[in-house]
Amino acid sequence: MEPADLHAHLFQVTLTIAQPAAGQELSLPAWIPGSYLVREFAKNLQRLAARQGRQAVALTKIAKDRWRAKCQSGKPLVLSYEVCAYDTSVRTAWLDATRGFFNGTSLCLRVEGQTEQPCTIDIVAPKKRAGSAEWHCATGLAGVNTDARGFGTYRAAGYDELVDCPVEMGAFWSTTFKACGVTHRFVVAGAAPRSTTSASSTTRARSARRPSASGTARASRPSSTTCSCSTWWTTATAAWSTATPRR
């Protein structure tokens, strides 16, 4: 996954299926964890193409959010596509010159028949532009091979965990604190990459008095929370939290 064109709000996605089925089907969900109204994520997907080796593979759209690849079984299938990310809500995806954000339900095609299998996602940093702030990456997914800024490879136990861990990119403000013995990371998108003692202390104090969403915090239940604010701490809106057990 790569923020390919910041000004056109386009993510470039490449999906590799090592062992596809013959006539492999793929889809995007019409829902998102925590908000179960019917969504139209597929409308933002464009330029979908597939190949096996050097051979192009025909794709048939069998529903508004579902495709079938005319592929052979057992031979790696590679799909490439773009996603227009132009929604500032917490349910979809956003990309511009200052910030990137996405939920897996907006960008990650679901491989039918393989949703319970472990998977990885490679998050590529955008190209550095002269005069622009350095971007970092934050997500609740477990890192496999990431750099100091958080870009690189992450893993998920299956598709459900992949789409339950949104990704934030940009020059955000971040801090860590402990609650019930568990280290939490708090990320604020839209805030300068520096801390304010009063806000940080208030956040720690409030969080430390509360257990995790499922009762008792444990070291095996990492938490990552992001907020988005249009001005410094004054109009913060809740964005997402992944304080849920790993599946």
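Is His9 buried or exposed? Select it and turn on the surface: His9 is buried, at 16% relative accessible area (buried is under 20%, exposed over 50%, partly exposed in between, with a 1.4 Å probe and protein chains only).

Before going on, some ground rules. This is a predicted model, where local features need pLDDT of at least 70 and side-chain atom pairs count only at pLDDT 80 or more, while totals for chains, interfaces and linings use all residues. Residues are numbered from 1 along each chain as its sequence is written, and side-chain values use heavy atoms, with hydrogens and water left out.

Zoom out and switch to cartoon. You should find 20 strands and three helices (DSSP runs numbered from the N terminus: H or I of at least four residues for helices, E of at least two for strands). The protein has 247 residues, and 45% of them are buried. Now try a contact map, with contact meaning heavy atoms within 4.5 Å. Among contacts with a separation of 6 or more, 66% link residues 24 or more positions apart. For the surface, expect about 12800 Å², with 50% of that on carbon and sulfur atoms (Shrake-Rupley, 1.4 Å probe; for residues, only the protein chains shown count as cover).

Back to His9: look in the loop between β1 (2–5) and β2 (10–17). Its phi is near 60°, a positive value in a non-glycine residue.

Next, select Arg47, in strand β4 (residues 45–52). Arg47 is another residue other than glycine with a positive phi, near 55°. Check the surface here too: Arg47 is exposed, with a relative accessible area of 66%.
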